[in-house]
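Biologist: Could you take a close look at the strand pairing in this one for me? Once that's clear, feel free to carry on from there to the rest.

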Amino acid sequence: MNTIGIGLLGAGTVGGTLIHRLVTEHAAIAAKTGLDLQIRRVAVRDPSKPRTFDIPEGLLTTEPAEMITDPEVDLVVEVMGGQDPAGDLVLQALQAGKPVVTANKELIAARGAQLIAAAEESGVALLFEAAVGGGIPIIRPLSETLAGERLTRVMGIVNGTTNYILTRMSEEGTAYADALAQAQDLGYAEPDPTADVEGADAAAKAAILASLAFGTWVGLDHVPHSGISEITAADIRYARDLGYAIKLLGIAEDTPAGVSARVHPVLLPLEHPLSAIRGATNAIFIEGPAIDTLLFAGPGAGGDPTATAVLGDVIDAAREILAGAQVAPRIRFSEAALADFGGVPTKWYVRLEVDDRPGVLAQIAAAFGEANVSIKSVWQEGTDDEATLLIVTHRAPEDAQQDALAAVKHLDCVNAVAAAIRVESEEL
Ligand code: NAP
Ligand code: HSE
């Protein structure tokens with residue numbers, strides 16, 4: 001039997017489930033893969049903490065660095081999360097010639113280029129299938145199966161918490177705060193859900209998707225992001241009336257000005273496949289000239305699906321250890337231009353509360369016109385001497401759209417820019 005010793009950094013939602021699977025499914029995994037996967041050590045913060053799954057006696061340690069140098073540990077699984085101390089521990093393992101499997105999108109987005117270089121130098125694998133989309137296989141398809149395709153766009157619902165909140169708000173009229181509390185109870189949200197609702201979690205995933213899809217490393221500082229905390233039930237209703245769903249999307253594109261990655265809530269046509277993705281499900285929509293479109297969808301969070309992705313990487317890395325070969329990175333990154341977001345064409349839905357009197361529409365149209373933004377449609381609902389105006393623009397550079405919004409905000413006849421949300425559709 002081909003025995004591989006595993007050291008785990010973390011035994012929480014993902015790590016605990018992984019340990020349970022490695023113990024209870026040991027024989028089935030061995031029968032299918034020929035591998036005898038043995039847990040050697042498990043590093044945690046607090047060994048006395050009650051755990052959902054039992055951890056075999058004597059495995060717990062609070063000394064992660066010692067665990068990594070343990071000669072019985074052939075392969076390290078990092079499921080502790082965050083950048084510190086996870087980043088330095090992963091680097092230490094790679095430099096010691098031990099392959100690493102991680103589910104940590106924050107770490108890969110922040111230090112992926114450095115860690116991949118360290119893995120290459122040591123000739124070992126650094127695998128992170130679980131870092132984006134939880135249980136959905138997406139890292140391997142992007143870096144291997146689709147390596148020969150000149151992809152044009154990768155667009156996805158990559159945060160389960162926010163999709164769950166938007167689904168509950170739109171289908172059941174649940175209040176934002178209640179839907180967030182439910183997402184936390186169900187274990188989808190990060191310990192501090194700010195990273196979910198303000199888009200930082202999705203931005204880390206979008207940075208990874210963009211880097212793999214276009215073969216150039218896209219740092220987090222090149223991924224502008226915003227979240228869903230200001231999305232209201234009213235806008236979800238208005239959007240639906242106009243033929244759109246509201247989704248938080250990570251969008252990575254190969255534009256004429258360079259690679260662009262961004263995360264924000266968007267109005268998406270109801271007929272788009274991503275509009276049908278409900279609850280905590282994640283989905284990634286890939287476009288390329290030869291492949292046309294591909295949709296990967298499934299559970300994007302939770303112990304079980306994420307542990308399945310981690311386990312797949314563990315089996316892959318274990319096979320490479322046994323093959324004894326120097327491992328080259330699955331994908332090579334070259335320097336390429338990154339697009340300045342200000343120049344990326346975007347399209348907007350704007351909800352204005354305005355005075356209902358002659359000339360108001362003309363002033364607003366002029367403000368958009370002076371910023372070189374063309375209006376596609378206008379819908380108005382009057383209430384006494386006030387009115388709600390819904391404007392959808394044509395596509396124009398992001399900077400021009402921001403200029404138009406700033407100008408409209410300062411008009412005397414505009415009482416409030418109640419909402420401004422980008423629209424993602426094929427129409428110009
Ligand atoms: P979690 O439940 O908070 O578990 C973290 C584990 O790491 C705990 O066992 C904790 O020890 C240990 N740990 C944290 N800091 C440590 C330190 N300084 N030294 C030693 N041990 C430490 O986290 P999780 O939900 O399993 O997530 C783990 C990783 O998977 C994260 O990178 C996350 O982004 C990623 N991920 C999670 C999901 C998901 O649905 N949960 C999905 C995809 C990816 P104690 O138990 O003693 O506190
Ligand atoms: N908090 C994350 C989400 C977990 O809601 O998608 C998976 O990365």
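Modeller: One rule first: two strands count as a pair if DSSP finds at least two bridges between them. Also keep in mind that this is a predicted model.

Let's start with β13 and β14. β13 covers residues 375-383 and β14 covers residues 386-393; the two run antiparallel, and eight bridges join them. If you want a spot to put your cursor on, go to Gln380, which stands opposite Leu389 in β14. The two strands make a hairpin with two residues between them, and Asp384, in the turn, has a positive phi of about 55°.

Stay on β14 for a moment, as Thr393 also sits in that strand. Is Thr393 buried or exposed? Thr393 has 0% relative accessibility, so it counts as buried, given that buried means under 20%. The side chain of Thr393 also has a partner: a polar contact of 3.2 Å ties it to the side chain of Gln401.

Now to β16, residues 414-423, which has two pairings to look at. With β12 it runs antiparallel, through eight bridges, and Leu352 has Val417 in β16 as its bridge partner. With β9, residues 258-269, the direction is parallel and there are two bridges; here Val266 stands opposite Arg422 in β16. Two bridges is just what the rule asks for, so β9 and β16 do count as a pair.

There's also an open sheet of six strands, ordered β3-β2-β1-β4-β5-β6, with parallel pairing. Its edges are β3 (60-61) and β6 (126-127), each of which pairs on one side only. Inside that order, β1 (residues 2-9) and β2 (residues 35-43) run parallel and share eight bridges, with Ile6 opposite Ile39 in β2.

That's the strands. On to the ligands, beginning with ligand 1. There are 22 residues around it, and Ala11, Asp46, Lys49, Arg51 and Gly302 come nearest. By class, that shell divides into 10 nonpolar, seven polar and five charged residues. The backbone takes part here: a polar backbone atom of Gly302 is 2.6 Å from an oxygen atom of ligand 1, one of Arg45 is 3.0 Å from a ligand oxygen, and one of Gly12 is 3.1 Å from a ligand oxygen. On its own ligand 1 exposes 900 Å², and the protein buries 84% of that.

For ligand 2, the contacts I'd show you involve side chains. Lys105 has a side-chain N or O atom 2.8 Å from an oxygen atom of the ligand. Lys205 also places a polar side-chain atom 2.8 Å from a ligand oxygen, while Asp196 has a side-chain N or O atom 2.8 Å from a nitrogen atom of ligand 2. Alone, ligand 2 has 250 Å² of accessible area, and the protein covers 90% of it. Two elements give two or more residues to this shell, namely α7 (160-172) and α10 (200-214). The residues around the ligand include Asn159, Gly160, Thr161, Tyr188 and Glu190, and the class count is three nonpolar, four polar and five charged.

Helix α7 also holds Tyr164. That residue has a relative accessible area of 10%, so it is buried. Tyr164 and Glu144 are 20 residues apart in sequence, and their C-alpha atoms are 30 Å apart in space.

Last stop, the aromatics. How many aromatic pairs does the structure hold? There are three. One of them is Trp217 with Phe333, edge-to-face, with 4.9 Å centre to centre and 85° between the planes. This pair links distant parts of the chain: Trp217 is in the loop between α10 and α11 (233-242), Phe333 is in the loop between α12 (303-323) and β12 (345-355), and the two are 116 residues apart. Phe333 has a relative accessible area of 27%, so it comes out as partly exposed.

Conventions:
Residues numbered from 1 in each chain as written. Chains lettered and ligands numbered in written order. Predicted model: local features only at pLDDT ≥ 70, side-chain atom pairs only at ≥ 80, totals over all residues. Heavy atoms only, no water. Near = heavy atom within 4 Å. Polar contact = N/O pair within 3.5 Å; in protein donor to acceptor, adjacent residues only side chain to side chain. Areas by Shrake-Rupley, 256 points an atom, 1.4 Å probe, with all protein chains shown as cover. Helix = DSSP H or I, 4+ residues; strand = E, 2+ residues; numbered from the N terminus. Nonpolar A, V, L, I, M, F, W, Y, C, P; charged D, E, K, R; others polar. Phe/Tyr/Trp six-rings, centres within 6.5 Å; stacked < 30°, edge-to-face > 60°. Buried < 20%, exposed > 50% of the residue type's maximum accessible area, 1.4 Å probe, protein only.
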